[in-house]
Amino acid sequence: MSESPIYRATGIKKYFPVTGGILRRTIGYVKALDGVDLDIYRSETISVIGESGCGKTTALRMIAGFETPTRGRVLLDGDDLSLLTPDKRPMGMVFQSYALFPHMTVFDNVAYGLRVQKKSASEIKKAVAEVLDSMSLSHLANRAPNQLSGGQQQRVALARAMVVRPKVLLFDEPLSNLDAKLRAQMRIEIRSIQRRLGITSIFVTHDQDEAMSLSDRIVVMRNAVVEQVGTPDEIYRRPSSVFVADFIGRSNFLEVESVTKSKAGKAKVVVSGKKMEVAAQSKSLSSNKPVLLVRPESIVVSAAKSKSGKVGKGEGKVTNVVFYGNHVEYTLDTHEGVIVAVESDPIYDEIVPVGKIARYSFSPERAWLLPSDSTLAMKEDRK
């Protein structure tokens with residue numbers, strides 16, 4: 001992106017002390033963040049995802065001001081935030097538990113931040129009315145939080161955060177308390193509001209679907225460092241490591257029988273006895289054992305013509321079939337290991353049954369060569 005980032009973290013490290021003994025002395029440190037660099041641009045939505053304990057929540061608390069860096073700098077519009085307490089930062093936060101005041105009405109909950117800012121009564125009335133109307137909450141203004149559904153409470157929490165017009169809006173697992181159907185509806189609603197108002201937004205979530213559907217870019221974290229930052233398509237189709245590929249969506253990693261360099265960004269490989277040219281991650285050619293990533297929906301399954309009952313190259317024994325109506329999911333036992341394939345809009349009579357031999361194939365354009373030692377490769381890339 002050509003414009004300057006609204007938020008910039010450079011070299012962020014956060015160590016938490018570990019104490020022990022009768023005197024509770026510090027005996028070591030836990031690395032929560034270990035050299036994180038991150039730029040976030042105006043009006044974009046970023047999702048931060050990763051395994052439990054990877055540092056994503058600490059990163060969000062650092063932005064909000066609830067944690068201070070052990071090392072590194074945090075800038076907002078070029079200004080250092082390190083000396084500003086959370087209430088002084090031009091940010092709003094939507095919590096997992098909504099954190100609504102139970103003794104206040106919807107109107108008073110939304111107005112709370114404006115009152116803290118000592119806005120006039122007329123300013124508060126106008127601003128709250130506008131945000132409640134934009135989120136279809138006007139008719140609920142005089143209700144208490146316990147009189148609202150989960151989705152309504154979520155919208156009130158969002159309205160309260162947005163009414164102060166923050167430069168950055170932070171979300172901490174905002175939809176995890178909702179059922180699956182309501183979660184899907186709220187994703188669409190939040191994304192629509194964010195685009196309409198153009199507020200820079202940062203989500204911390206463990207839900208991959210949420211990250212993929214809400215984000216302009218996704219930050220994947222692992223063991224206190226950033227593994228990859230990219231658009232949803234880049235993260236899914238061109239992951240930087242085996243970890244990212246395995247963490248986002250479902251993956252098949254096929255053994256490569258041979259690999260030779262081709263033109264820039266490409267490699268010639270032999271997989272399942274077939275020669276093909278595929279796109280390749282930069283470190284894959286120098287890897288000891290590169291693997292080929294093929295997503296389940298990219299694999300085509302058909303009944304094998306062989307009558308021998310033996311599994312050949314490019315074939316597998318069907319060990320499981322699950323019919324979902326709009327798609328069918330196969331599990332195949334092959335010479336390359338277990339392969340999962342997903343076929344959309346299947347014809348029921350053409351589904352290959354359990355116990356039969358099936359052929360599988362995929363387009364080379366939908367494959368991506370990765371180094372099996374991707375973690376090492378990524379560390380080298382970051383040097």
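Contact here means heavy atoms within 4.5 Å. The exercises below use this cut-off on a predicted model.

**Exercise 1. Find what encloses helix 4, and state how many of its residues are buried.**

Solution.
Step 1. A residue is buried when its relative accessible area is under 20%.
Step 2. In helix 4, the buried residues are Gly-151, Gln-152, Gln-153, Gln-154, Arg-155, Val-156, Ala-157, Leu-158, Ala-159, Arg-160, Ala-161 and Met-162.
Step 3. That is 12 of the 13 residues of helix 4, so the helix is largely enclosed by the rest of the structure.
Step 4. The cover over these buried residues includes strand 6, helix 2, helix 3 (121-134), strand 7 (168-172) and helix 5.

**Exercise 2. Check the span of helix 4 against the expected value.**

Solution.
Step 1. The expected span is 1.5 Å times one less than the number of residues.
Step 2. For the 13 residues of helix 4 this should give 18 Å.
Step 3. The end C-alpha atoms of helix 4 are 18 Å apart, which agrees.

**Exercise 3. Describe the surroundings of Arg-155.**

Solution.
Step 1. Arg-155 belongs to helix 4, which covers residues 150-162.
Step 2. Its relative accessible area is 15%. The limit for buried is under 20%, so Arg-155 is buried.
Step 3. With neighbours within four places in sequence left aside, Arg-155 is in contact with Met-135, Ser-136, Leu-137, Met-186 and Glu-189.

**Exercise 4. State which parts of the chain the salt bridge between Arg-42 and Asp-77 ties together.**

Solution.
Step 1. A salt bridge needs a side-chain nitrogen of Lys or Arg within 4 Å of a carboxyl oxygen of Asp or Glu. By this rule there are 16 salt bridges.
Step 2. Arg-42 and Asp-77 meet the rule, with 2.9 Å from N to O.
Step 3. Arg-42 lies in the loop between strand 2 (25-40) and strand 3 (45-50), and Asp-77 in the loop between strand 4 (71-76) and strand 5 (79-80), so the pair ties together parts that are 35 residues apart in sequence.
Step 4. Both side chains belong to partly exposed residues: Arg-42 has a relative accessible area of 46%, and Asp-77 one of 29%.

**Exercise 5. Work out where the partners of Asp-207 and Glu-315 lie, and whether these two acidic residues are buried or exposed.**

Solution.
Step 1. Asp-207 pairs with Arg-183 in a salt bridge, where the closest N and O atoms are 3.7 Å apart.
Step 2. Asp-207 sits in the loop between strand 8 (200-204) and helix 6 (208-214), while Arg-183 sits in helix 5 (residues 180-197); the two are 24 residues apart.
Step 3. Asp-207 has a relative accessible area of 14% and is buried.
Step 4. Glu-315 pairs with Arg-359, with 3.3 Å between the closest N and O atoms.
Step 5. Glu-315 is in strand 17 (residues 315-323) and Arg-359 in strand 20 (residues 357-362), so this salt bridge ties together parts 44 residues apart in sequence.
Step 6. Glu-315 is buried at 8% relative accessibility, whereas Arg-359 is partly exposed at 30%.
Step 7. A further group, Lys-14, Arg-61 and Glu-67, is joined into one network by salt bridges that share partners.

**Exercise 6. Locate Pro-102 and name what it touches.**

Solution.
Step 1. Pro-102 is in the loop between strand 6 (91-94) and helix 2 (106-116).
Step 2. Its relative accessible area is 63%. Exposed means over 50%, so Pro-102 is exposed.
Step 3. Not counting residues up to four places away in sequence, Pro-102 touches Ala-144 and Pro-145.
Step 4. Pro-102 and Asn-146 are 44 residues apart in sequence, and their C-alpha atoms are 7.1 Å apart in space.

**Exercise 7. Identify the residues of the nonpolar surface patch that includes Val-30.**

Solution.
Step 1. The patch is formed by Val-18, Ile-27 and Val-30, which together have about 260 Å² of accessible area.
Step 2. Val-30 lies in strand 2 and is partly exposed at 44% relative accessibility.

**Exercise 8. Summarise the whole protein and say where the prediction calls for caution.**

Solution.
Step 1. The protein has nine helices and 21 strands, and 47% of its 383 residues are buried.
Step 2. The average pLDDT is 88, and 96% of the residues score at least 70.
Step 3. Over residues 374-383 the pLDDT is below 50, although this stretch has 16 contacts in the model beyond near neighbours in sequence.
Step 4. Predicted coordinates should not be read in detail where pLDDT is low.

Definitions and conventions:
Residues are numbered from 1 along each chain as its sequence is written. This is a predicted model: local features need pLDDT of at least 70, side-chain atom pairs count only at pLDDT 80 or more; totals for chains, interfaces and linings use all residues. Side-chain values use heavy atoms; hydrogens and water are left out. Helices (H or I, at least four residues) and strands (E, at least two) are DSSP runs, numbered from the N terminus. Buried means under 20% relative accessible area, exposed over 50%, partly exposed in between (1.4 Å probe, protein chains only). pLDDT is the predictor's confidence in each residue, from 0 to 100. Patches are made of residues with over 30% relative accessible area and no salt bridge: like charges are joined within 9 Å, nonpolar side chains (Val, Leu, Ile, Met, Phe, Trp, Tyr) within 5 Å. Accessible areas come from the Shrake-Rupley method with a 1.4 Å probe; for residues, only the protein chains shown count as cover.
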